[in-house]
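Visitor: I should like to go through this structure with you and ask, for each term applied to it, what justifies the term.
Guide: Certainly; please begin once the structure is in view.

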Amino acid sequence: QMYLVESGGGSVQAGGSLRLSCVVAESTHYQYSITYMAWFRQSPGKEREGVASIYIGDDTTSYADSVKGRFTISRDSAKIGVWLEMNSLKPEDSAMYYCASAWGLLSDPLAPDYADWGQGTQVTVSS
């Protein structure tokens with residue numbers, strides 16, 4: 001099982017920016033079999049929502065409509081992990097953000113069909 005470590009959450013005012021980091025901490029050969037990494041978020045009383053994903057093979061990205069043009073997912077070139085750059089944050093972006101990794105092919109990279117999940121990092125945007 002992968003061990004995903006998230007960081008970078010915090011509190012920010014509307015219009016501000018945050019950058020989340022997710023690193024695969026488990027040192028096994030399985031980490032090199034990861035095909036997708038993604039960020040999901042969940043607010044109290046709501047379902048977990050796919051925010052952004054990246055296909056490791058060719059860096060193809062997918063975004064939820066609600067974050068297109070504001071969020072950018074990219075790979076961490078130094079480690080096996082991903083960044084999520086979040087700009088023009090809105091109060092409705094407030095949630096617990098989770099990193100996830102998957103093996104194989106996914107029909108919908110923004111559906112929560114991922115094998116491994118991090119513990120989450122809280123993002124709070126105040127108006």
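Visitor: Why is Ser126 called partly exposed?
Guide: This is a predicted model, and the value is computed from it. The relative accessible area of Ser126 is 34%. Buried requires under 20% and exposed requires over 50%, so Ser126, at 34%, is partly exposed.

Visitor: Where does Ser126 lie, and which residues does Ser126 touch?
Guide: Ser126 is part of strand S11. Not counting residues up to four places away in sequence, Ser126 touches Val12, Gln13, Ala14 and Pro91. Its C-alpha atom is 9.7 Å from that of Gly16, although 110 residues separate the two along the chain.

Visitor: What makes Glu92 exposed?
Guide: Glu92 has a relative accessible area of 54%. The cut-off for exposed is over 50%, and Glu92 is therefore classed as exposed. Glu92 belongs to the loop between S8 and S9. Between the C-alpha atoms of Glu92 and Thr124 the distance is 9.0 Å, with these positions 32 residues apart in sequence numbering.

Visitor: Why is Ser53 called buried?
Guide: The relative accessibility of Ser53 is 1%. Buried means under 20%, so Ser53 meets the criterion. Ser53 sits in strand S5. Leaving aside neighbours within four places in sequence, Ser53 has contacts that include Met37, Ala38, Ile73, Pro109 and Tyr114.

Visitor: How do you know that Leu84 is buried?
Guide: Leu84 has a relative accessible area of 0%; the limit for buried is under 20%, and the conclusion is therefore that Leu84 is buried. Leu84 is found in strand S8. Beyond four places in sequence, Leu84 touches residues among them Leu18, Leu20, Trp39, Val51, Phe71 and Tyr97. Leu84 and Cys22 are 62 residues apart in sequence, and their C-alpha atoms are 8.4 Å apart in space.

Visitor: Which residues of the largest nonpolar core touch the most other members?
Guide: They are Met37, Trp39, Leu84, Met86 and Tyr97, in a core of 26 residues. The strands that give two or more residues to this core are S3, S4, S5, S7, S8, S9 and S11. S3 provides the largest share, four residues.

Visitor: What makes a second group of residues a separate core?
Guide: A nonpolar core is a set of buried nonpolar residues joined through side-chain atoms within 4.5 Å. A second, separate core has seven residues, including Ala100, Ala102, Leu106 and Tyr114.

Visitor: Which residues are in contact with Tyr97?
Guide: Apart from neighbours within four places in sequence, the contacts of Tyr97 include Glu6, Leu20, Trp39, Arg41, Leu84, Met86, Gly120 and Val123.

Visitor: What makes the phi values of Asp59 and Ser88 worth stating?
Guide: Most residues other than glycine have a negative phi. Phi of Asp59 is near 65°, a positive value in a residue other than glycine. Ser88 is not a glycine either, and its phi is positive at about 50°. Asp59 is placed in the loop between S5 and S6, and Ser88 in the loop between S8 and S9.

Visitor: Why are Asp59 and Ser88 both called partly exposed?
Guide: Asp59 has 39% relative accessibility, and Ser88 has a relative accessible area of 43%. Partly exposed covers what lies between buried, under 20%, and exposed, over 50%; Asp59 and Ser88 therefore both receive that term.

Visitor: How do you know that the radius of gyration of the protein chain agrees with a compact globule?
Guide: For 127 residues, a compact globule would have a radius of gyration near 14 Å. The protein chain has 14 Å, so the two agree. Along the principal axes, its C-alpha atoms fill a box of roughly 45 × 25 × 25 Å.

Visitor: How many helices and strands does the protein chain have, and what share of its residues is buried?
Guide: There are zero helices and 11 strands. Buried residues make up 44% of the 127. Of the contacts with a separation of 6 or more, 58% are between residues 24 or more positions apart.

Definitions and conventions:
Residues are numbered from 1 along each chain as its sequence is written. This is a predicted model: local features need pLDDT of at least 70, side-chain atom pairs count only at pLDDT 80 or more; totals for chains, interfaces and linings use all residues. Side-chain values use heavy atoms; hydrogens and water are left out. The radius of gyration is taken over C-alpha atoms; the globule rule is 2.2 Å times the number of residues to the power 0.38. Buried means under 20% relative accessible area, exposed over 50%, partly exposed in between (1.4 Å probe, protein chains only). Contact means heavy atoms within 4.5 Å.
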